[in-house]
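Open the model in your viewer and keep the selection tool at hand. Here is a short tour, one stop at a time.

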Amino acid sequence: MRPLDENETTVVFEKLFKFVGNNLKKIVENPSNEGPETEPGRYCFRLQKNRVYYVSESLVKRATNISRKNLVSLGTCIGKYTHAGSFHLTIMSLNILAANAKHKVWLKPTSEMSFLYGNHVLKGGLGRITDSIVPGDGVVVFSMSDVPLGFGIAAKSTQDCRKLDPNGIVVLHQADIGEYLRDEDEL
Amino acid sequence: MGKSSRKQKVIPPPLLPPDVPEEDIEFSDEDLKFVQENTDYARFVSRIDTTAINKQCGGRVKSVEEKYEEERSKKKTHQEENESNEILVDPVDVLPVKTLDGKLHFRTVTKKSKLAEADTDEAEQDILEDENILNKSQRRAKAKKSKKEAKKQEKEWPEEIALEEETPQAAVLAEVKEELSAEEMFENSKNKLAELGMELLSDPEANIKSLKEMLEICKDEDTKIVKLGLLSLLAVFKDIIPGYRIRLPTEKELEMKVSKEVKKTRFYESTLLKAYKAYLQKLIILEKLPVYNQVATRCICTLLEAVPHFNYRDNLLISIVRNISSPDEVVRRLCCSTIGSLFSNEGKHGGELTVQAVRLIADHVKAHNCQLHPNSIEVFMSIRFDEDIGRRDKEDANKKKYKKNNKRNNQEEQNQVQENERKKSKREMMSKIRDEVTADHMGVTYEPDAIERRKMQTETLSAVFETYFRILRNTMYSIGESSEEANTTSNPGAFGSHPLLAPCLDGLAKFTQQLDLDYMGDLMNYLKKLASSSSVSNNTKQKNSKLLTVSERLRCCLVAFRVMRSNLNALNVDLQDFFVQLYNLILEYRPGRDSGIVLAESLKIMLCDDRHQDMQKAAAFVKRLATFALCFGCAESMSALVTVKNLLQKNVKCRNLLENDAGGGSVSGSIAKYQPYATDPNLSGALATVLWELKILTKHYHPAISTMATTLSNMNTSQSQTFLSAVTPQQAFADFSLEKESFEPKNESRKLNNKRKRGSSSEEAQNVLEIDMGRLNKKLKENFTILRDIKEDERERMEKKKPLKKLNNVVKKKLKNPKSKKKF
């Protein structure tokens, strides 16, 4: 377990910034109330075995007791470095993203399942969409009852969505909560 | 004289005796005799208290009488003067004219007019009058005309006549002469105008030339005359202008031989057109002079409204648009209403003028850098855009094509069966002729076809939106400037800082359906920037008139929602940024300064109308609105509470706010503590708090609000989901803002009623009250006396105590040393 170096930090933050925009500050400065300390601590990012974790400081202190080899996981895993060296956000980061999301998409109940099986979000399945989405933005996908389902990358701007045919792709799938079942072993 | 005056007094004052010269009144001999014999009867006349009668008759009648007297005296002097000035024409030649008010009008010829022949203005009249003398038949015609003129004069300018009659009596003859000549000139030219106008109206084709004369009169130096001339010309033109546009014949056509009638018509039309042109030129020149501004504008407006199809309408339109934001209220109103009527009855001019007017206004706005009166943009609201233009025709065309195809098929079949060449050629001929005829018809008919109209409409629309976008951009830049160079005092102009923004926003909201989707993004961006404009200024904390007010920003949000709503083709867009704006604007709202109606409307449209809301956002709004309801008047709090109710009904999870369990449980999300000052509703963590405001609101002084708060707080426990809140925040606001004034007295009266009801249950209600009062008094008195007694008692006691103390002391002393006792 070690803190991220500068390169890694920029990569991670850029990735998060796509989804949460200026709310990134909120994520970093979020006070933690974990542990016996009366003073609320902070959260920080730690790298452990190619995975990036979002952990409270008090937990980090305690985790130092465990050797690096034996430490399986701590805090919330938000992403991992692939073998090629690029950083991917994983579905476990959904909670953080959903709370601070800038761009959202709500799915109709009929198309929820399709998304949860790993498909892209189509125009036909779109229940609602926030305005001012630009292609390439990170978008968090919700069900109509505001349950976060996953996230992805916007393929079309909000304006273009209007003219899109129902089968056009609006959001490219990146992660969804179906992965907890499908890829249980990998997570 | 005495008799006549007596007569006058006997007659009830409002009925004036006819204006007959005294000499004409004839008394029968019997009458005279009777009066002479019975002088005693007539004596009362001398004793009549005229002043008392006048008093009794009241001021108005008195004035009539006075006027009557004045007239008489005036007429006398007038006659005298006339005798010196004029030669009375022999009544055999010209019969006297009796006007409607009973004056006998003898035809006269002025000496002066003959003398003043050099005067160019008078030349015409003189000639006419000279002719009058020369030609007997003409003179008769003239007399007839003068009769007509007198009638018309009375119809048109009765006030003028009244003014006329008060000719100031002057001592010096020369002055009188001058004045008289001016008067007469005025009178003459007025009469002339009326006369010519009547002639023209009765037979425009024959008398078309007199238009020129009327125009000549308009060149007079006297403003009154000019105004009258302009107005009478207006009346004439309004009536005689034909229902088509005049096209002057070309050279070729002129060369061709034509029948007499055609020639006549051509002459008529060309004269009319020339005169009209001259008149318009005159109007446009005069319109720039402040004296004539109103009259000329009135003429122009009426003309354009009456004959929008006629030649030179462009010039009229240009001058109207120029005046559309004139500082003069009357002129502006006129112009705006004219343009509005142009827009609303397009049938008269086929829509071409609409395009032109809109384009001109757009240019005008551009030229004045958006510093105009709001009225000038408000006229756009009366434009109507018909979406179905052409669609129906297209359908028809499609059907026809289909039919034709069918026919052709049939034909082919037929042809296959029997090839009749002749028939075919005949049919072709027929169709050709039919096409020609329809083409001709199209050329002749005034109505432009659907394609044309559609084209024009597109043009209009683009001009309108160009104007709107210009205004938005201008406003934005001005805001940008003001935030950059914070304190530079750029003059906000005569109409306030953003005069056109409000009508522009209204227009945008109305016409969004016509807006192309491609512009939508830009429009939204503009609106977003405008709505969030003053968050920048809050940092600098400088009051700048250039910044938008809260209501204006609210309106921006509203328009954005309207735009989205009206273009809702199956895509539900969540306007998060505008929600953020609204969330912050609620805090900035001040009841006196900002319009509560706009706030209520935005609550309705932004929060209540949306089918689905974010849970966090809804909770944040619920909390903030509840807090808001605590701070302001009943109207505001009622509208806020209605919104809260609406939100709670739709978002079942938000009812956690009603539970007495701070922290919100699992739904509260990552934010564990409510942050009341958060700018983003999603990050306020409102679900972690409790709606304690409702508890306080249940004790609100207004019964309706307290009951509302109670129902809200009971929402969670009562399982039935069917709360029927038919009331919208707007309605609530309207109801309670009306009630605001009448609320206090109503409440009191209700209390009184209650008392009375209670009282009326026992039969002798008032007696009881009185008795009560008596009892009360008695009791009070008793209390008072008791109190006084107690006080007096105390005082007495105090007084008694003092000697007692002394006594005690003395006693003690006595006890201590018994010797003193002996002394004592």
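The stops run from a whole chain to a sheet, then to strand pairs and single residues.

**Chain A.** Keep in mind that this is a predicted model. Select chain A and colour by secondary structure. There are seven helices and 11 strands. Now colour by burial: of 187 residues, 34% count as buried. Next, look at the contacts in chain A with a separation of 6 or more. Residues 24 or more positions apart account for 54% of them.

**The sheet.** Select the open sheet of seven strands, with its mixed pairing. Walk across in this order: β7(A)-β11(A)-β10(A)-β9(A)-β6(A)-β8(A)-β5(B). Which strands stand at the edges? They are β7 (121-122) of chain A and β5 (573-574) of chain B. Each has a single partner strand, so one side of each is left without a neighbour in the sheet.

**β10 and β11.** Select residues 148-154 of chain A for β10 and residues 169-176 of chain A for β11. In which sense do these strands pair, parallel or antiparallel? The pairing is antiparallel, over five bridges. Show backbone hydrogen bonds here, because strands of a sheet pair through them. Zoom to Phe151(A): Ala175(A) in β11(A) stands opposite. Then move to Ala154(A), which stands opposite Val171(A).

**β7 and β11.** Keep Val171(A) selected and add Val121(A). Val171(A), in β11(A), is the bridge partner of Val121(A). Val171(A) also stands opposite Ala154(A). Widen the selection to β7(A) and β11(A): this pair is antiparallel too, with two bridges.

Conventions
Residues are numbered from 1 along each chain as its sequence is written. Chains are lettered from A and ligands numbered from 1 in the order in which they are written. This is a predicted model: local features need pLDDT of at least 70, side-chain atom pairs count only at pLDDT 80 or more; totals for chains, interfaces and linings use all residues. Helices (H or I, at least four residues) and strands (E, at least two) are DSSP runs, numbered from the N terminus. A residue is buried if 20 or more other C-beta atoms lie within 10 Å of its own, exposed if 12 or fewer, and partly exposed in between; C-beta atoms are placed from the backbone. Two residues are in contact if their C-beta atoms, placed from the backbone, lie within 7 Å. Two strands pair if DSSP finds at least two bridges between them.
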